Amino acid sequence: MTDTVPAPRYTTYVPLTDLAPAPGNPKKHEVERIIESIRTHGFVDQPIADERTHTILGGHGRREALIEMQTRGERLPAGLLLDNDGGWLVPVQRGWASRSDAEAKALNIKLNKIGADGGWRPRSLAAYLEDIVTQDAELYDSLAISEDELDKLLRQVDPETLPGAINEDQAPTLHLPDDGADGLGGDSLSADDEGRTRLTTCPACGHAFTPGR
């Protein structure tokens with residue numbers, strides 16, 4: 001008979017009041033945007049526990065958002081459970097333990113930084129945005145993409161190569177006025193950018209909308 005090997009990582013439901021934040025957590029959060037996301041999609045991104053320190057390393061913003069939602073008397077978000085006393089139980093990834101305080105702090109930073117550092121694939125992102133804005137304008141608004149961000153993105157992508165365009169099979173053409181550090185082509189504007197209207201037209205379908213409402 002083979003012994004069962006414990007899973008190196010597993011999910012368990014933990015009382016929200018028991019989620020202890022890492023001391024001095026350096027990450028700031030847009031709590032209202034996190035609340036809106038949880039309301040819309042449910043709770044889909046588990047906090048990560050450190051078994052050595054008994055604190056969480058990832059998920060501080062989600063913890064703050066859930067506490068605020070519970071304080072406001074909002075209903076239980078999808079993905080959470082209720083305990084016998086009506087408390088909120090949160091799914092948490094367990095099984096990882098830091099070897100030192102320094103390692104715990106390093107992973108805390110990495111969990112917040114590495115994903116953002118990767119940037120975006122302009123053509124794929126533009127295609128995603130086109131699909132979202134034409135199918136559900138409220139979902140697009142929830143992304144909170146500013147007009148400047150969208151303008152920089154669309155200046156990199158040939159609209160005729162996006163899905164639904166006449167020449168979508170053509171290799172994408174990127175327009176990069178500058179190799180800016182922001183990953184979206186820098187801040188330089190072409191002559192055509194002067195006086196750009198605040199209404200933005202989707203490059204693939206022609207739908208006009210106001211970005212970043």
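In the predicted model, the accessible surface of the protein chain amounts to about 13600 Å², and 51% of this area belongs to carbon and sulfur atoms. The protein chain has 213 residues, of which 31% count as buried. Its secondary structure comprises 6 helices and 7 strands, which follow one another along the sequence in the pattern β-α-β-β-α-β-β-α-α-α-α-β-β. When contacts between residues at least 6 apart in sequence are considered, 67% of them join residues at least 24 apart.

The packing of helix 1 against helix 2 was examined next. Two packed helices are described by the angle between their axes and the distance between the axes. The axes of helix 1, formed by residues 31-41, and helix 2, formed by residues 60-71, come within 9 Å and cross at roughly 75°. Because crossing angles of 65 to 115 degrees count as roughly perpendicular, helix 1 and helix 2 are placed in this class with respect to each other. On the side of helix 1, the contact involves V31, I34, I35, I38 and R39, which meet G61, R62, E64, A65, L66, E68 and M69 of helix 2. By class, this contact of helix 1 with helix 2 has 7 nonpolar, 1 polar and 4 charged residues.

Two residues in loops that adjoin these helices have contacts with members of the helix pair. F43, in the loop between helix 1 and strand 2 (48-50), is buried, with a relative accessible area of 8%. Residues up to four places away in sequence being left out, F43 touches I38, R62, L66, A78, G79, L80, V90 and P91; among these, I38 of helix 1 and R62 and L66 of helix 2 also belong to the contact between the two helices. The C-alpha atoms of F43 and L76 are 9.9 Å apart in space, although 33 residues separate the two in sequence. E74 is found in the loop between helix 2 and strand 4 (81-82) and is partly exposed, with a relative accessible area of 21%. With residues up to four places away in sequence not counted, E74 touches I35, R39, M69 and W88, and I35, R39 and M69 are likewise listed in the contact of helix 1 with helix 2. The side chain of E74 makes a polar contact with the side chain of R39 at 2.6 Å, while the C-alpha atoms of E74 and R39, residues 35 apart in sequence, lie 9.5 Å from each other.

A further set of contacts links helix 3 (residues 101-117) to other parts of the chain through N108, which lies in this helix. N108 counts as buried, at 4% relative accessibility. The side chain of N108 makes a polar contact with the side chain of N25 (3.2 Å), and N108 is also in contact with A22, P26, L57 and H60, its neighbours within four places in sequence being left aside. A22, in turn, lies in the loop between strand 1 (10-15) and helix 1 and counts as buried at 12% relative accessibility. Beyond residues up to four places away in sequence, A22 touches T55, I56 and H60 as well as N108, so that H60 appears among the contacts of both A22 and N108. The C-alpha atoms of A22 and A49, 27 residues apart along the chain, are separated by 9.7 Å.

A49 recurs in a C-alpha pair with A97, the two residues being 48 apart in sequence and 7.9 Å apart in space. A97 is located in the loop between strand 5 (88-94) and helix 3, where it is partly exposed, with a relative accessible area of 40%. The residues touched by A97, those up to four places away in sequence not being counted, are D50, E51 and R52.

Positive phi values at non-glycine positions were noted for H54 and A144. H54, with a positive phi of about 60°, is found in the loop between strand 2 and strand 3 (55-58) and is exposed, with a relative accessible area of 61%. A144 has a positive phi of about 55°; this residue is placed in the loop between helix 5 (137-142) and helix 6 (147-154) and counts as partly exposed at 36% relative accessibility.

Notes:
Residues numbered from 1 in each chain as written. Predicted model: local features only at pLDDT ≥ 70, side-chain atom pairs only at ≥ 80, totals over all residues. Heavy atoms only, no water. Axes fitted to C-alpha atoms, helices over the stretch in contact; angles between N-to-C directions. Helix = DSSP H or I, 4+ residues; strand = E, 2+ residues; numbered from the N terminus. Parallel < 35°, antiparallel > 145°, perpendicular 65-115°, else oblique. Contact = heavy atoms within 4.5 Å. Nonpolar A, V, L, I, M, F, W, Y, C, P; charged D, E, K, R; others polar. Buried < 20%, exposed > 50% of the residue type's maximum accessible area, 1.4 Å probe, protein only. Areas by Shrake-Rupley, 256 points an atom, 1.4 Å probe, with all protein chains shown as cover. Polar contact = N/O pair within 3.5 Å; in protein donor to acceptor, adjacent residues only side chain to side chain.
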